[in-house]
Every structure is written in structure tokens, then in C-alpha cells.
Amino acid sequence: MDEKSRVLVVGGTGYIGRRIVKASLAEGHPTLVLRRPEIGLDIEKVQMLLWFKKQGAHLVEGSFSDFQSLVDAVKQVDVVICTMSGVHFRSHNILMQLKLVEAIKEAGNVKPPDNILSQRQLVEKWEELLGNKLEKTTISEQDFLAPMKDLDYAEQVGVGHFYHIFYEGCLTNFEIGEEGEEASKLYPEVKYTRVEEYLKMYL
């Protein structure tokens with residue numbers, strides 16, 4: 001029997017998170033749930049964590065205020081699933097999740113390189129499939145960021161995400177690391193849908 005991938009769930013006591021934990025356990029994956037001290041004495045969440053443990057999940061101590069604890073947690077698994085809400089009044093959670101992304105990079109987590117493309121590379125693939133060039137308009141960093149001062153906090157976070165992705169290339173400008181593995185080697189039984197194959201659906 002093939003060894004199941006180890007899964008870390010962050011935000012496991014939330015509406016979606018608790019269902020992810022249950023599904024992961026049901027599928028036989030060694031399942032770790034990040035136990036954050038930030039939950040304090042929230043009885044409902046504490047009871048849920050204890051129930052997870054009783055069902056076979058492993059509770060891993062980690063805090064968004066302790067970067068190394070996040071790195072240590074990520075290093076124990078093959079897959080990280082974050083189900084923390086990041087909308088509207090919980091928009092501060094988005095910034096917290098960026099710390100998790102940094103921890104994944106530090107731990108040398110996996111990424112399938114064929115599906116990690118810059119915006120320009122994605123457009124070039126689409127042009128290649130179409131057989132013609134698209135008209136493009138270039139916007140400088142300064143012009144893109146200028147309207148931020150008139151936006152509320154949540155909207156600023158959204159613009160910041162677009163800036164990091166499309167201008168800084170934060171999804172593509174890091175290496176897997178010597179201790180990491182390319183995803184298709186870890187999960188040879190999984191047939192990945194490549195970006196080019198996905199784009200062909202719209203032709």
C-alpha cells in the first residue's frame with residue numbers, strides 16, 4: 001500500500017478547517033493540526049482539538065508570532081492546507097497567512113514548476129495557443145500603487161497581494177531547496193493538469 005502524504009491543517013477549528021481535518025483522517029492521511037496559543041481558552045475550539053486528537057490527529061504547537069515554530073511545523077509534512085478566513089473584518093488574517101507562506105519557503109516546501117508561471121509567461125502561453133499577439137498596456141509600479149492611499153484597509157491588502165504577485169513575482173522567485181522535492185515526484189500517482197492543458201479548454 002502506498003504511503004499516504006502527511007497533511008498539516010492550519011485553521012482546523014474553523015467551519016471549513018474542521019471538515020478538512022475529518023476528511024484527511026478519513027482518507028488515512030497522517031494529519032497534523034496547528035494548535036495556536038492565540039485561541040486562548042475558547043472552550044469550543046479546545047474541545048474540537050481534543051476530539052481531533054482522539055480521532056488520531058497530531059496537534060502541533062505553532063504561532064504566527066513565532067516564525068520558527070511555523071517552519072518546524074511545515075517541515076513535518078508533505079502538504080499544507082490553510083483554511084483561515086481572510087475576508088472583510090478578518091482581513092488581518094491575510095497578513096498572518098503571508099507569514100505561513102514565508103515559513104513554507106523557509107522550510108523548502110514543494111511546488112510543481114510547470115505550473116508556476118509569471119503573468120508575462122502565462123500571457124505568452126495564451127498567445128502561443130491563439131496564434132497571435134495580444135495588445136498590452138504597461139503600468140508602472142508607482143501608477144499601480146498610487147490609488148492605495150484612498151482605499152480602506154481591506155482593499156489595500158488586496159492591492160498589496162496583486163503587487164507582490166504581478167510586480168515582485170512572489171509566486172515564482174524562490175527555489176525548492178536542497179531538501180525539497182518537485183511535487184510530481186512526491187505524488188507520481190497524481191495526474192497534474194498543466195497550465196497549457198487548462199488554457200486549451202477556452203479555445
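How many residues does helix H5 have, and how far does the helix reach from its first C-alpha to its last? Helix H5, residues 119-130, has 12 residues and spans 17 Å between those two atoms, which is close to the 16 Å expected at 1.5 Å a residue. Just after H5 comes Gly-131, whose phi is positive, at about 85°. Please keep in mind throughout that what we have here is a predicted model.

Let me step back to the chain as a whole before going into particular residues. The chain holds 9 helices and 4 strands, and, read from the N terminus on, these elements follow one another as β-α-β-α-β-α-β-α-α-α-α-α-α. The chain has 203 residues, of which 30% count as buried. If we take the contacts with a separation of 6 or more, 70% of them are between residues 24 or more positions apart.

I will stay with the loop that follows H5 for a moment, since Lys-136 lies there, between H5 and helix H6, which covers 141-145. Lys-136 has a relative accessible area of 49% and is therefore partly exposed, given that exposed would require over 50%. Leaving out residues up to four places away in sequence, Lys-136 touches Val-123 and Glu-127. With Glu-127 there is a polar contact between the two side chains, at 2.5 Å, and the side chain of Lys-136 also reaches the backbone oxygen of Leu-134, at 3.2 Å. As for Val-123, it is 13 residues from Lys-136 in sequence, and the two C-alpha atoms are 9.9 Å apart in space.

Now to a pair of helices, and to the question of at what angle H1 and H2 pack. Helix H1, residues 15-26, and helix H2, residues 43-54, pack at about 5°, with 11 Å between their axes. Because angles under 35 degrees count as roughly parallel, H1 is described as roughly parallel to H2. On the H1 side the contact is made by Arg-18, Val-21, Lys-22 and Leu-25, and on the H2 side by Glu-44, Met-48, Trp-51 and Phe-52. Sorted by type, the residues of this contact comprise 5 nonpolar and 3 charged ones, with no polar residue.

Two of those H1 residues, Val-21 and Leu-25, come up again when we turn to Thr-31. Thr-31 lies in strand S2, residues 31-35, and is it buried or exposed? With a relative accessible area of 1%, Thr-31 is buried, because the cut-off is under 20%. Apart from residues up to four places away in sequence, Thr-31 touches Val-7, Val-9, Val-21, Ser-24, Leu-25, Ala-57 and His-58. With Ser-24, moreover, a polar contact of 2.7 Å joins the two side chains.

Finally, I would like to show a second threonine, Thr-83, which is found in the loop between strand S4, covering 79-82, and helix H4, covering 92-107. Here the relative accessibility is 18%, so Thr-83 also counts as buried, the limit being under 20%. Which residues does Thr-83 contact, once its neighbours within four places in sequence are left aside? They are Val-10, Gly-11, Gly-12, Ile-16, Gly-17 and Ile-20. Within that group, Gly-11 also offers its backbone oxygen, which the side chain of Thr-83 reaches at 2.8 Å.

Key
Residues are numbered from 1 along each chain as its sequence is written. This is a predicted model: local features need pLDDT of at least 70, side-chain atom pairs count only at pLDDT 80 or more; totals for chains, interfaces and linings use all residues. Side-chain values use heavy atoms; hydrogens and water are left out. The expected span of a helix is 1.5 Å times one less than its number of residues. Buried means under 20% relative accessible area, exposed over 50%, partly exposed in between (1.4 Å probe, protein chains only). A polar contact is a pair of N or O atoms within 3.5 Å; within protein, one must be able to donate a hydrogen and the other to accept it, and residues adjacent in sequence count only if both atoms are side-chain atoms. Contact means heavy atoms within 4.5 Å. Axes are lines fitted to C-alpha atoms, for helices over the stretch in contact, and angles run from 0 to 180 degrees between N-to-C directions. Angles under 35 degrees count as roughly parallel, over 145 as roughly antiparallel, 65 to 115 as roughly perpendicular and the rest as oblique. Ala, Val, Leu, Ile, Met, Phe, Trp, Tyr, Cys and Pro count as nonpolar, Asp, Glu, Lys and Arg as charged, and the others, Gly among them, as polar.
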